[in-house]
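Trainee: I'd like a close look at one part of this protein, the cysteine sites that carry a record annotation. Could you walk me through that part and then place it in the rest of the chain?

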Amino acid sequence: MEHSVPLIARIALNRPLRRLFDYTVPEDLKLVPGQRVKIPFGRQQATGLVVQTGVEPLPGINLKPVYAAMEDWPALPEETVSLLSWASDYYQHPLGECLFTALPPALRRGRKAEEKSVEWWVACDHDEPLPANAHRQKALLEWLNQQRGGAAASDIIRAGFTRAQLKALSDRQLAKAVSAPVSDSEPEAPELLERRPTLSTAQEAAAEALTSPRKGFSASLLYGITGSGKTEIYLHYLKQHLGPSDQALVLVPEINLTPQTVARFRHYFGTRIVVWHSALNDGERLTTWLKIREGEPVILIGTRSAVLLPFTRLRAIIVDEEHDSSYKQGEGFRYSGRDVAVYRAHLNRCPVILGSATPSLESFYNVEQGKYRLVKLEERAGNATPPVISLLDIRSRPLEGGLSRPALKAIDQALSKGEQALVFVNRRGFAPVMMCFDCGHMIECPRCDTRLTYHRRDRAMRCHHCDYQTAATEHCPKCQSDAFKPVGQGTERTEDVLASAFPTTPVVRVDRDSTQRKGSIQSILNQVNSGKPCILVGTQMLAKGHDFPNVTLVVVVNADGGLFSVDFRAPEQLIQTLLQVSGRAGRGTKQGKVLIQTCHSDHPLLKTLCDGHYLDIAGQLLSEREEGQLPPFRAMAIFRAEADTMEKSLQVLDAIKPLTNFPGIEAWGPLPALIARRADKYRAQLILNARNRKRLNSLLTGICQELDQRKPGSGVKWMIDVDPQET
Ligand code: ADP
Ligand code: ZN
Ligand code: ZN
């Protein structure tokens, strides 16, 4: 028999290159797609992922051989490779970089797929009394007792406890380190079962409606008003539909903000729950990744990138708060976690549930198109009723730290009834700008077209768009006048005003600055959940999914930012934020009240908001989008360019524009971006708006190929953003 020439493997590298690389496969090596390999690349050795095998070699081309396989099994199973190939094509992002995002960082770097042991802690049955002043140790012991199966040391630290406290408990033999989670097969403690509410009639009906009559793929939009008990429905759904060897994925916007949600899932499913988010270290990521890859029947609660993990028995996907903008990756591989989730359910022939109190217009559109089923849940769970929302016109009212008299009075009333109030401010820091009242000078970022936010706590002025910061000054740097003052509202300023107006009440600030330290969000949540009167002041962070039963009043300091924005998504996002933050009021047994301060109380959008009927508002916004021929009625993509001058950026896009000349596709621009200069880069964009998504996709593929051939000028970068969230 004739000796055959060795066949070739096509291999993807973790580089921003829209191409694969061919290598010969030594005869003794069996390779399959998805497998990790060591290959020579240039003068180095690199880690690659096999995409295709058995390719016939072309005559006359000399290829290098693959050095070795890194495992004898594929790191990415076939399903995950298909998913990411689809995503690479849909989002026009190089396949290699897409595939590598499904690996944990350690494996991307070429480490072995072996886990290091995790340090696991459990509470012991030992009756040693703790000294009266050991509050933290006591809290830790209680916390540990609530974690079924124990907890990883890293989770304990993340929950706000310290190593010293752990050691103290261990010295008293109240807790001990074990090598692995304690098995969950033991019968469930009755008190855990008691804590689970039975579903209300409305919840039952919704849960029933979510159950697809047919097996296989189905997509449902669960529109459930804030506090309607969506989480309870997810739990119930998974309990009912998940077989003992099945895997499920629950996507959430930001896990660290809502440890309550994870705790509720753990109550139901114990150690079957695993988490995935940006605060995990490399070792934890590898451990979790291996569980998923090995097909352990886990329920994974994770943020955006969890949707790319190599599940092998995925049988259900839930996307909570599906409208949340954090599902869209803003750089590099710009995918939407929500949309990839829907495609993945399709690929796995399993159900996907998108849940929200304020669903995205995209999802409503898909309901109208018959692609998703709509399941409604329009009453609050338990004895709670929806909050009463009213507008407070502040045009001619004196304000203190942005707060009007009626708002302060309402806070006072809530506190005097022993309740809690929440004040929403849309910017962190003390004030959005420092201004000189003599010469009008305002402090701007030297690297961006934005102003510096004044942070009084650490006497700094910071740019919220790049990492620039400088010390705050007391005089105008231009004319030396001391009439140099903060203008506008930030969380710190509102916090100060509230602290002096209510000196005996704790004021708790929740924003990116106050929650940077590990565990700080947990201790804030503990304080709020104690139910004692307090005032919460914070940004968006406070709007997300929290369940504070004793918050009865929500004050929105200023709602007007989004009313007149040029971004066509601004009204949708404004309404979603306002309804979400309003939804924190009155979730317990007491009626909630929301005061929205505005200078435009006659604005139709704000007026309809008070009726609180999101479906009506969404319908209205959708018809505006249709009139404007905007997404979701059109498919949109943006070419973005960044360069050291605006001229270069515009030039690159000017060169792209003629390539977009195609029937059914409109090109808008190129124009400078909203913030034209950011971190010393000049940014411009060219928007493509198409009737037909498939056509747009094939046009983009062609343009990207063309652009890869051309040499980009020095100092210029272009990228493409499909289904952009920001325009
Ligand atoms: P959502 O996610 O829809 O905002 P949650 O699932 O957080 O709502 O539920 C809101 C509150 O109502 C939670 O405190 C939850 O424990 C409670 N709850 C949910 N379902 C029920 C029920 N059937 N009976 C009593 N309380 C419930
Ligand atoms: Zn001045
Ligand atoms: Zn800046």
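**A close look at the cysteine sites**

Mentor: Let me start with a single residue as a warm-up: Gln 92 is buried, since 20 other C-beta atoms lie within 10 Å. Keep in mind that this is a predicted model. Gln 92 sits in the loop between helix H1 (78–91) and helix H2 (95–100), and its phi is positive, about 55°, although Gln 92 is not a glycine. We'll get back to backbone oddities of that kind at the end.

Now to your cysteines. The unreviewed UniProt entry has a "binding site" annotation that covers Cys 436, Cys 439, Cys 476 and Cys 479. These four span 44 residues in sequence, yet no two of their C-alpha atoms are more than 8.6 Å apart, so they gather at one spot.

Take Cys 436 from that group. You'll find Cys 436 in strand E20 (residues 433–436), and it counts as buried because it has 20 C-beta neighbours inside 10 Å. Once you leave aside neighbours within four places in sequence, Cys 436 is in contact with His 441, Cys 476, Lys 478, Cys 479, Ser 481, Ala 483 and Phe 484. So two of the annotated partners, Cys 476 and Cys 479, turn up in the contact list of Cys 436.Cys 476 has its place in the loop between strand E23 (469–471) and strand E24 (484–487). Cys 476 counts as buried too, with 22 C-beta neighbours inside 10 Å. Not counting residues up to four places away in sequence, Cys 476 touches Cys 436, Asp 438, Cys 439, His 441, Ser 481 and Phe 484.

There is another annotation of this kind. For "binding site", the unreviewed UniProt entry also lists Cys 445, Cys 448, Cys 463 and Cys 466. This set spans 22 residues in sequence, yet no two of the C-alpha atoms are more than 8.8 Å apart, so these cysteines gather at one spot.

Cys 445 is found in the loop between E20 and strand E21 (453–455), and Cys 448 lies in the loop between E20 and E21 as well. Cys 445 is buried, with 24 other C-beta atoms within 10 Å. Cys 448 is buried with 20. With neighbours within four places in sequence set aside, the contacts of Cys 445 are Thr 450, Arg 451, Leu 452, Cys 463, His 465, Cys 466 and Tyr 468. Cys 448, with residues up to four places away left out, touches Cys 463, His 465 and Cys 466, and also Ile 675, Arg 677, Arg 678 and Ala 679.

Now for the wider setting. The domain assignment gives domain 1 (8–109), domain 2 (119–179), domain 3 (190–377), domain 4 (388–430 + 488–625) and domain 5 (635–722). The centres of domain 3 and domain 5, taken over C-alpha atoms, are 34 Å apart.

What about the cores? The largest nonpolar core has 159 residues, and Ile 11, Val 423 and Val 555 touch the most other members. Strand E29 (residues 635–643) gives the most to this core, with 6 residues. A second, separate core has 14 residues, including Phe 430, Met 435, Ile 443 and Tyr 454. Back in the largest core, Val 555 has contacts with Ala 407, Ala 410, Ile 411, Ala 421, Val 423, Phe 424 and Leu 595, leaving aside neighbours within four places in sequence.

There's a ligand to look at as well. Ligand 1 has 16 residues around it, and Pro 197, Gly 229, Lys 230, Thr 231 and Ala 381 come nearest. Helix H9 (residues 230–241) gives the most to that shell, with 3 residues. By class, the shell around ligand 1 has 3 nonpolar, 9 polar and 4 charged residues.

Last, those backbone oddities. The peptide bond from Pro 631 to Pro 632 is cis, with omega near 5°, and Pro 632 is placed in the loop between helix H19 (614–627) and E29. Gly 669 and Pro 670 are also joined by a cis peptide bond, with omega about 5°, and Pro 670 is in strand E30 (residues 665–678). Asp 723 has a positive phi of about 50° although it is not a glycine. Asp 723 lies in the segment after strand E32 (716–722) and is partly exposed, with 19 other C-beta atoms within 10 Å.

Methods. Residues numbered from 1 in each chain as written. Chains lettered and ligands numbered in written order. Predicted model: local features only at pLDDT ≥ 70, side-chain atom pairs only at ≥ 80, totals over all residues. Domains from an automatic or database assignment. Core = buried A, V, L, I, M, F, W, Y, C linked by C-beta atoms within 7 Å. Buried ≥ 20, exposed ≤ 12 C-beta atoms within 10 Å, placed from the backbone. Helix = DSSP H or I, 4+ residues; strand = E, 2+ residues; numbered from the N terminus. Contact = placed C-beta atoms within 7 Å. Near = placed C-beta within 6 Å. Nonpolar A, V, L, I, M, F, W, Y, C, P; charged D, E, K, R; others polar. UniProt positions renumbered as here; feature names shortened; annotations may be inferred.
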